[in-house]
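Trainee: I have a model open and some questions about how its chains meet. Can we go through it?
Mentor: Sure. Put it on screen.

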Protein chains: 8
Amino acid sequence: MTADTGLLVGIIMGSDSDLATMRPASEVLDRFEVSHEVRVISAHRTPERMAEYGRLAVERGLKVIIAGAGGSAHLPGMTASETRLPVLAVAVENGSDPLNSALGSMIRMPRGIPLATMGKGESAAANAGLEAVRILALIDRNLAAAYDEYVASLAAEVESKDALLREVGVAAYLARSAGP
Amino acid sequence: MTADTGLLVGIIMGSDSDLATMRPASEVLDRFEVSHEVRVISAHRTPERMAEYGRLAVERGLKVIIAGAGGSAHLPGMTASETRLPVLAVAVENGSDPLNSALGSMIRMPRGIPLATMGKGESAAANAGLEAVRILALIDRNLAAAYDEYVASLAAEVESKDALLREVGVAAYLARSAGP
Amino acid sequence: MTADTGLLVGIIMGSDSDLATMRPASEVLDRFEVSHEVRVISAHRTPERMAEYGRLAVERGLKVIIAGAGGSAHLPGMTASETRLPVLAVAVENGSDPLNSALGSMIRMPRGIPLATMGKGESAAANAGLEAVRILALIDRNLAAAYDEYVASLAAEVESKDALLREVGVAAYLARSAGP
Amino acid sequence: MTADTGLLVGIIMGSDSDLATMRPASEVLDRFEVSHEVRVISAHRTPERMAEYGRLAVERGLKVIIAGAGGSAHLPGMTASETRLPVLAVAVENGSDPLNSALGSMIRMPRGIPLATMGKGESAAANAGLEAVRILALIDRNLAAAYDEYVASLAAEVESKDALLREVGVAAYLARSAGP
Amino acid sequence: MTADTGLLVGIIMGSDSDLATMRPASEVLDRFEVSHEVRVISAHRTPERMAEYGRLAVERGLKVIIAGAGGSAHLPGMTASETRLPVLAVAVENGSDPLNSALGSMIRMPRGIPLATMGKGESAAANAGLEAVRILALIDRNLAAAYDEYVASLAAEVESKDALLREVGVAAYLARSAGP
Amino acid sequence: MTADTGLLVGIIMGSDSDLATMRPASEVLDRFEVSHEVRVISAHRTPERMAEYGRLAVERGLKVIIAGAGGSAHLPGMTASETRLPVLAVAVENGSDPLNSALGSMIRMPRGIPLATMGKGESAAANAGLEAVRILALIDRNLAAAYDEYVASLAAEVESKDALLREVGVAAYLARSAGP
Amino acid sequence: MTADTGLLVGIIMGSDSDLATMRPASEVLDRFEVSHEVRVISAHRTPERMAEYGRLAVERGLKVIIAGAGGSAHLPGMTASETRLPVLAVAVENGSDPLNSALGSMIRMPRGIPLATMGKGESAAANAGLEAVRILALIDRNLAAAYDEYVASLAAEVESKDALLREVGVAAYLARSAGP
Amino acid sequence: MTADTGLLVGIIMGSDSDLATMRPASEVLDRFEVSHEVRVISAHRTPERMAEYGRLAVERGLKVIIAGAGGSAHLPGMTASETRLPVLAVAVENGSDPLNSALGSMIRMPRGIPLATMGKGESAAANAGLEAVRILALIDRNLAAAYDEYVASLAAEVESKDALLREVGVAAYLARSAGP
């Protein structure tokens, strides 16, 4: 497991029940053609594997780790303790957890062990993928150019919606969204 | 470090800045003459030592672990992942943390890894010591008897305060408390 | 009601509407073959019975009490006031209670009356059962061995999911979970 | 302790450390010349005394109970379980408890056991005294008249402050308040 | 509107959308045969009517006012400003309001204007009805006796559920609750 | 885009997914016959367009801007930085955001850049429309008269509901609401 | 009190203890030479005066009302119920109120009664003054020009601080701020 | 301002009152000899400068931006909208803001605009500096080696404290910390 794998990003999560939430991170990396792996590694149920994953990450060639977790959410912070790679944390949404404990556990890391929290839920997973691209774009011109195109497409999408809304008005626009 | 140490309780915390908060746990154990050790072990800064501490705890003869932590508070939960001993968690008070993230991180452990949260601050540290005594009293009759005496002393203290208040009245009672 | 019952754990709750949430505690104890009883006892509607239950618990041979409650959640703390056995508290989930008042009521016990909060909901109930096993394993070698096997099975389950995910990929894995 | 005492209101609290907060309840009752007692009775440390206090309250002639508590705040709710008198709850302020757990424990009583929460801190204690007067005024015309005078005095105080502010202006008014 | 109406309790609410939540207050009063009225009066949309309702309440013979409100929840507190009768506040549940603003608005009344908060939702509405009965029982022996019977019925119901659970076990009990 | 447009109010939002929530603002302005536009402009995806919209608003003849946003909710505050027109902010409801971050981002603007927060959800959008009318009524007598009529209609609606409730009683009223 | 007063803005608050917090609203209006009055009017202690103040506001010539309140914070919302003028609400800071109940009470007004919340504390009071200026600038060209100058001065102040920081560096800049 | 500056990291903040909190970010970068600038740029008071700073960041040679902000905290997110560089957000602590609005505004960025939140206060500022080093270490071997040494020093510090505590005991250790 320790030779360079050619993989640039590792997406890990504590449970396969987190996979649907974390999927957009993988999809964003696919869109930008960034090689990556997706793994289930539990801080609580497989602590040795988690520690090993973190310690070998540099050697395996990874540049960024994206870690998703819910509840007590120890996986991102503990992984950041085992590697010097930037670790991007994603809180897995949990309808019954109104105080966002997973986020709370991520954004209060002690001085000395940085962890970059991207938010919670599928949007945050997508943004974690995008943040990984921003970091990798520092060392890959093509990725930088692709990212700039992506940003332009976001603006164009908003502008075309604005144009449509001005053209058809509020009621017709909402009727269209509700669809047939 | 692996022989039986004769120690029954291990009190661990992530930073020496937690020591003042955790002190009452040690004082309670002293009062009940329960042998114990007090250690600084960081989940984030010394992850290998933390893992080792948990894995060797049974072998070393410990029966209960009390773990104090603030902020992201990974120490208690990660220790519970490394041992089958009961782990009692104490959140270290943090004036600037109104959402009690440390508590939140403790009380949302995933199914399969139990962690017993005792509360936050010095009172919770004292109660962690008392909970350790309750557990040890299951296997030590003398400790059970000592605990029953302790409970009686709590009641007596309340009753004597009530008697004094009824005797002297509110104003005089408060004046005494403010005292010279 | 006062002779030794041979029961090791008492699971109590304030209302039969808590029973579905507390069931996993009983199931865990069944799995480890720990004798126990499950009772409906209300701190508010049957205060005398609650007090009696706590006061007789030692005499009846119980070693651990698991107490579930929602809302104001007085049952666990009041029971801890009536016995010297370790009491493990479980907050019953309540969708309309975003501030988790039941948890708040449990984790702020006064100095002198320890209460071990295991979290909220079915996962916490299961963990309360597991914590009871951890405590009982201090006095029962067979239980200790059974617990170690359980921990190994948790790790094996995560590892097999990780292997499957690496083999089939994200999309196929999620399609399977959604299943026919 | 069971004969009619001539006392109309019982003010109880779990600890003498709550006394300074609860004092205004007693002062308000003094102002309206309502006979009352002030007691330290702990739900956790003296559960039998608490139960007895509640059960004998009607027989002793009490009409209203004011109960102050902090932290887990079981005293008001448990007292309401032991008596049919109206129980007015006051949360004792606790600077380190930002989620107001005491309030949360009070306002989520189960259906069947009503508890009237007056708020937290000294203002709430004063208001608990005033609420007791409102209730007693239902059966005492003189008290009703005295209460109406009190309300008029509140309005007069606001009006005289408004008049002074209009006369002297903001800066002078604030300078006076800071005053020597 | 000002002659004595023979009504003892007024149940008011700011909107007819609060009526389903407040209904149990009326049902409890029906059960105890306490005469009462149920009204829609808005602090914000009909401020004059609200003020008049409060000012005339004593004259109309009312003894207790139960006021339900959601959102900004000004109705209970403003009514308490217009009358010297005890006012019992009920927060109307609002799924999209996780910080319970209605409760917050009720439990922070200024010193001088007491308001008794009973909690939120249908259970709190029922408890407001019961609290009104507790207050009226101070002046009505029959009501006091009826209340004592009600308390006994609550205990009997819990005890019969406990007996059934012990007889049939957890699984069978839950199967029954799920029903045919 | 810079000539006077004859439009008095601009309703902007960061995403077309906010449109259903913001619609009542437009409907209120339609009811009062206030000319306005509805636009999708994103602070994050089209920052230049947002800045330009704010800078040209006075020149285009707008008097009030209503800005809706969810999540990080930068649109209202950033727009207030680009114009001297009053900006009314509406938080778009988000079921998975219990801490109301959008509101939090709106009500903590730095000294010097005022932003008027109207609340969250469809009711707040309607109220933003009404607040715009209140402001415009300062310079339009007809609008002032129309607003006074609207207030009277609110009161009349409450009074007719109250009359119906008194006539038919609680059960029948609720049965009607549930409808056929 | 009903003739036109020549005053454009009314600043009201429920208690003179709010005056220090509200002072910046008055100071901002002084800076822009906007005539205004500052009044103590309590929704709870002087409900009739509050209602009258709101009802007469238009007739007295006021254009905007700024209302400050803490705790239950009924003053701003109730005033908005009594007038059609725009009402700007300021929550008075309260160190012991971590859930910001005053804000919560302001931002959840029912549909039909708009209230513009400016935030809490002295900064919000200043911003309420500035928002009043923005509204008045719609009908006063000179005020509009003065406001534009004010905005330019804010930018200039930031730019000069940035220039100084770049010139002297972090350490020297902080040393200056600490100053002698 | 647009030529390559040789600077690798830009530390920006909305107000010079944030400087003391943000200082540790600069100190960490100094320790690792990473060239950087520290700037005061306000999203609200100097929106054009903020937009320009973001748009020119790549051209100026920056690799990472660290943005600190309190209150509404628009600076980090708006900057992330203007550049494709990774932006690390630091919430400036604010004692009177218990709901951590600045954090809330940072961790809820919309899909498409990633922002990496490091936490709040001085520790988070230090961690932002360390995260920048982790990112730069991807392209600078010496920095990677220096970082590994830093991690080892963190562990060594904890271990020496643990050794001292075991040697001298709790009381003596705390007495030393309190110091002369």
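**Chains, interfaces and one helix**

Trainee: Which chains should I not bother pairing up, say with chain G? What is the closest C-alpha distance from chain B to chain G?
Mentor: First, keep in mind that this is a predicted model. Chain B and chain G have no contact, and their closest C-alpha atoms lie 8 Å apart. Chain A and chain G are also without contact, with closest C-alpha atoms 13 Å apart.

Trainee: OK, chain H and chain A then. How many residues of each are in contact?
Mentor: 39 residues of chain H are in contact with 39 residues of chain A.

Trainee: And what area is buried between chain H and chain A?
Mentor: About 3,400 Å². Carbon and sulfur atoms give 56% of that area. On the chain H side, Arg84(H), Arg111(H) and Arg134(H) lose the most area to chain A. Together they make up 23% of what that side buries.

Trainee: Arginines, then. How many salt bridges does the rule find across the interface of chain H and chain A?
Mentor: Two. Arg84(A) forms a salt bridge with Asp148(H), and the closest N and O atoms are 3.1 Å apart. There are also 17 residue pairs in polar contact between chain H and chain A, counted with both residues at pLDDT 80 or more.

Trainee: Which elements of chain H supply the side that touches chain A?
Mentor: β5 (116-120), α5 (121-136) and α6 (141-168) of chain H each supply at least two residues. The largest share of that side is eight residues, from α5(H).

Trainee: What turn lays chain H on chain A?
Mentor: A turn of 180 degrees, with a shift of 0.0 Å along the axis. The RMSD is 0.0 Å. The two copies are thus related as by a two-fold rotation axis.

Trainee: Do the surfaces fit with that? What share of the interface residues of chain H are also interface residues in chain A?
Mentor: The share is 100%, so the copies meet through the same surface.

Trainee: Now chain F and chain A. How many residues does the contact take from each?
Mentor: 16 residues from chain F and 17 residues from chain A. Between them, the two chains bury about 1,600 Å², with 64% of it on carbon and sulfur atoms. In chain F, Leu19(F), Val40(F) and Arg45(F) lose the most area to chain A. Those three account for 30% of what that side buries.

Trainee: What about charges there? How many salt bridges link chain F and chain A?
Mentor: The rule finds three. One bridge joins the side chains of Arg39(F) and Asp162(A), at 2.9 Å from N to O. Five residue pairs are in polar contact, both residues at pLDDT 80 or more. On the chain F side, α1 (19-31) and β2 (36-40) each supply at least two residues. α1(F) gives the most, with four residues.

Trainee: What is the turn for laying chain F on chain A?
Mentor: 90 degrees, with a shift of 0.1 Å along the axis and an RMSD of 0.1 Å. The copies are thus related as by a four-fold rotation axis.

Trainee: Same surface or different surfaces for chain F and chain A?
Mentor: Different. Only 12% of the interface residues of chain F are also interface residues in chain A, so the copies meet through different surfaces.

Trainee: Changing topic: α6 of chain E. What span should its 28 residues have?
Mentor: At 1.5 Å a residue, helix α6 (residues 141-168) of chain E should span 40 Å. Its end C-alpha atoms are 41 Å apart, which agrees.

Trainee: How do the two ends look? What caps the N-terminal end of α6(E)?
Mentor: Asp140(E) does, with a side-chain oxygen 3.0 Å from the backbone nitrogen of Asn142(E). Just after α6(E), Gly169(E) takes a positive phi of about 90 degrees.

Trainee: Which residues of α6(E) are buried?
Mentor: Among them are Leu143(E), Tyr147(E), Tyr150(E), Leu154(E), Val158(E), Asp162(E) and Leu165(E).

Trainee: And what do the buried residues of α6(E) pack against?
Mentor: Elements of two chains. From chain C, α1 (19-31), β2 (36-40) and α2 (47-56). From chain E, α1 (19-31), α5 (121-136) and α7 (170-178).

Trainee: Last one. Where is Asp148(B) placed?
Mentor: In helix α6 (residues 141-178) of chain B. Asp148(B) is partly exposed, with a relative accessible area of 39%. Asp148(B) and Arg108(B) are 40 residues apart in sequence and 32 Å apart in space, C-alpha to C-alpha.

Technical notes. Residues numbered from 1 in each chain as written. Chains lettered and ligands numbered in written order. Predicted model: local features only at pLDDT ≥ 70, side-chain atom pairs only at ≥ 80, totals over all residues. Heavy atoms only, no water. Least-squares fit on C-alpha atoms with pLDDT ≥ 70 in both. Contact = heavy atoms within 4.5 Å. Expected span 1.5 Å × (residues − 1). Buried < 20%, exposed > 50% of the residue type's maximum accessible area, 1.4 Å probe, protein only. Polar contact = N/O pair within 3.5 Å; in protein donor to acceptor, adjacent residues only side chain to side chain. Buried area = accessible area lost by both parts, 1.4 Å probe. Salt bridge = Lys/Arg side-chain N within 4 Å of Asp/Glu carboxyl O.
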